[in-house]
Structures are given as structure tokens and as C-alpha cells.
Amino acid sequence: MSSVQTESHSPPLPHSLPTNTRKPRDRYTGQKLAIGLGIAAVVITALVGIQIGTSGATLVNVLQTFWAKITGTVPTDRTTLLMHNVVWELRLPRVLLAILGGAALAVAGTLFQGLLRNPLVSPYTLGIAPAAAFGASLAIVVFGATAGSAAVSLVIGALLFSFINTALVLSLASSRNLHATTLILVGIALSQLFGALTACIQYFAEDEVLAAIVRWTWGSVNNSAWYQVLALFALLALAFPYIRFRSSALNAIAFAGDDSAKSLGVAVSTVRLQTIAIAATLTAVTIAFTGIIGFVGLVAPHIARLVVGPNHRFLIAFSAIIGALLLVVADAVGRLVISPGVIPVGIIDALVGAPIFLYLILSRQKAIE
């Protein structure tokens with residue numbers, strides 16, 4: 001009798017352990033893998049982009065330049081020193097500005113599309129790009145800034161009017177509690193206004209000034225400087241933690257709408273105003289450094305959504321990767337097509353981005369309805 005009781009209270013055998021104690025499989029493995037592969041693709045593309053040019057830089061030259069900067073050594077050979085200067089002062093800032101600028105525009109596009117619940121929205125929908133173009137054009141006329149030199153007056157002019165446009169839109173939205181669709185219409189109206197003002201400047205400008213304005217509106221990463229790279233990097237480094245923190249709120253607004261998001265405890269108005277301000281700042285700073293570059297902020301979120309899905313926790317990061325890849329590849333193509341000449345990255349971006357977006361519209365209609 002006692003032996004039977006003892007056996008009945010004995011611990012279960014190992015093979016009888018419940019299966020739910022096993023570590024569950026991470027359901028986001030695919031998204032994390034895509035982000036990891038995307039980062040690797042950006043690094044590889046950047047290394048290739050640094051080598052493209054007339055100076056004949058190789059991967060060995062690039063690695064030697066990095067090592068020399070890390071160790072603080074200065075090459076004694078004149079040819080090697082010249083190659084290091086080309087890589088460090090010309091190629092690397094150019095490629096890094098393309099990476100950071102593409103990432104910033106793509107993140108801004110993702111935020112606008114999610115907040116306004118419209119997949120056809122881009123960073124330019126609220127009139128930011130036309131406002132920047134007007135500010136830059138005004139700076140070129142008044143202060144004699146040239147489109148190719150990234151003059152301080154040109155950058156300040158583009159930033160100033162971008163922020164004026166954004167402040168006007170946000171003040172209207174907060175004071176009148178405008179619907180997202182109405183915000184888009186306000187942005188279109190402001191785009192037409194600043195476009196008309198820029199056209200007036202171009203109409204009355206002299207030939208040299210007109211050429212400078214037109215060159216800036218093409219969009220380019222030529223004559224990139226380290227201060228531009230550092231400024232964009234700092235801005236993205238400050239913006240990403242907040243955007244990551246607000247990813248759940250962005251999901252609620254994008255998927256459920258304003259009323260349902262409010263019922264879930266989301267401060268919709270606050271989140272929308274703060275996040276639009278961040279997206280507008282990313283766009284304004286990028287445009288001030290590169291000129292008008294279209295389609296990245298429109299196409300990159302769509303491509304990212306097809307790969308990692310609509311969850312903003314992963315969508316924003318992968319959109320940044322896609323935007324960086326698009327701009328780096330566009331710049332590389334622009335340097336190869338008519339070498340030693342260079343086609344501005346904005347032109348290549350539009351030529352490549354338009355067919356991609358048409359394909360997305362025609363083949364993925366459900367994604368944009």
C-alpha cells in the first residue's frame with residue numbers, strides 16, 4: 001500500500017514535461033533578418049560607391065584610408081596621400097550624405113503616410129519641398145549663393161521657409177483641429193503657392209541666377225561636406241529614439257484611426273503634431289543640403305511595407321534602409337552613365353522611382369486603397 005502511494009507522488013518523468021515550457025519562437029525573426037541583411041547591403045553598396053570615380057580608387061585604398069584615419073598616420077608617398085584625400089574629403093562625405101539623406105526622407109515619408117493614413121503622401125505633400133525651393137531661390141537672388149557651393153545663405157533660406165511652411169500647417173491643424181485629409185489639401189495649396197513664388201523669381205531672374213536655381217532644384221550630393229553628414233547624423237540619432245517610442249501609437253493611428261486610437265489611450269493630436277514636426281525637420285534639413293530629391297520618401301515606405309509588413313516598429317527602420325539604398329545606388333548610377341560627367345541624383349531618382357511606383361500602383365492595388 002505504501003509503495004503505491006509513494007509512486008503516485010513521485011515527480012513526472014522528463015519526457016512528460018509540458019511543451020509550453022519551451023522557449024517560444026520569435027515571430028519577428030523575418031523582420032529582424034531583413035533589417036540585418038539590409039544594413040549589410042547598405043555597407044556593401046557604400047563601399048562600392050566610394051570606389052566609383054575617375055581617380056581609380058580601390059577597396060584597398062578605401063581600407064587604407066580608414067586605417068590611416070584611425071591610427072592617425074599620414075602617408076609619405078604623394079600619390080597615396082592624394083588618394084586618401086580623395087576618398088576621405090570627396091567620396092566618403094558624398095556616400096554618407098546619400099545614405100543619411102535617403103534614410104531621413106524615407107523615415108519622413110513613412111511617418112507622413114502613417115499619420116495621415118494615406119499611402120500616396122510623401123514628405124512634399126505638406127508643401128515642404130516647394131517652400132525650401134523658394135527659400136533657396138530667394139537666397140540665390142538676394143545673397144548671390146551658388147547652387148553648387150552649399151553656401152550658408154542657401155541652406156538657411158531653404159530651412160527657414162521649410163519651417164515657416166511647417167509651422168503654418170501645424171498651427172492650422174492645432175487651432176482648428178483639422179482632419180488628416182484637410183491637412184493634405186492645405187499642403188497642396190501651400191505647394192502651389194510656393195511653386196508660383198519660385199516661378200516668379202525664375203521668370204525675372206538673370207540667366208546665371210536662373211541656372212543656379214534650376215541646378216539646385218535637380219537635387220545632388222555633389223560637393224558634400226562633413227558638417228552636413230554630422231548634422232544629419234545627429235538629427236537622425238535624436239529622432240529615432242522618440243519615433244521608436246511612439247511606434248505603438250503610430251500603429252494605432254495608422255490601423256485603427258483617430259477615434260479608435262483615442263479609445264486605446266493614445267493622445268492622437270499630440271502624437272500627430274510632434275511626429276509631423278520631426279518628419280518636417282528631417283525633410284527640411286535634407287533638402288537644404290541636397291536640393292529637391294523626390295520619390296524616395298514616397299517609394300521607400302511602399303517597398304519596405306512589402307518586405308517587413310506595416311508594423312511601424314520595423315517599418316520605420318527598414319524604410320530608412322531602403323531609402324539609403326535608393327539614394328546611394330542612384331548616385332552611383334549618375335556617376336557611371338556619362339563618366340566623367342555626373343547626372344544629379346535627383347534626376348536619376350525620379351527616372352528610377354517613377355517606374356517603380358507605377359509598378360507598385362498597378363501590381364499592389366490593395367496596398368494603396
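How many residues apart are D331 and R335 in helix α14, and about how many turns of the helix is that? Keep that pair in mind while we walk through this predicted model. The answer is 4 residues, or about one turn of helix α14, where both of them lie.

Let's step back and look at the whole thing. The protein chain is built with 16 helices and 0 strands, so if you go hunting for strands, don't expect to find any, because the count is 0. Of its 369 residues, 47% count as buried. The chain exposes about 18700 Å², and carbon and sulfur atoms supply 67% of that area. Contacts also reach across the sequence: among those between residues at least 6 apart, 76% join residues at least 24 apart.

Now back to D331 and R335. Their side chains meet in a salt bridge, with 3.1 Å from N to O. How many salt bridges does a search of the whole structure find? It turns up 2. D331 also forms a salt bridge with R94, where the closest N and O atoms are 2.9 Å apart. This pair links distant parts of the chain: R94 sits in helix α4 (residues 78–116) and D331 in helix α14, 237 residues apart.

Are these partners buried or exposed? The cut-off for buried is under 20% relative accessible area. D331 has just 2%, so D331 counts as buried. R335 is at 8% relative accessibility, so R335 counts as buried too. Salt bridges that share partners join R94, D331 and R335 into one network. As for R94, its relative accessible area is 12%, so R94 is buried as well.

There's one more spot to visit in helix α14, which covers residues 312–337: H312 has its place there. Is H312 buried or exposed? With a relative accessible area of 4%, H312 is buried. Which residues does H312 touch, leaving aside those up to four places away in sequence? They are T110, G114, S247, L250, N251 and A254. With N251 there's something extra to look for: a polar contact of 2.9 Å joins the side chains of H312 and N251.

So try tracing helix α14 yourself, because it ties these stops together: H312 is in it, and D331 and R335 both lie in it. From D331, you can then follow the salt bridge across to R94.

Notes. Residues numbered from 1 in each chain as written. Predicted model: local features only at pLDDT ≥ 70, side-chain atom pairs only at ≥ 80, totals over all residues. Heavy atoms only, no water. Helix = DSSP H or I, 4+ residues; strand = E, 2+ residues; numbered from the N terminus. Buried < 20%, exposed > 50% of the residue type's maximum accessible area, 1.4 Å probe, protein only. Polar contact = N/O pair within 3.5 Å; in protein donor to acceptor, adjacent residues only side chain to side chain. Contact = heavy atoms within 4.5 Å. Salt bridge = Lys/Arg side-chain N within 4 Å of Asp/Glu carboxyl O. Areas by Shrake-Rupley, 256 points an atom, 1.4 Å probe, with all protein chains shown as cover.
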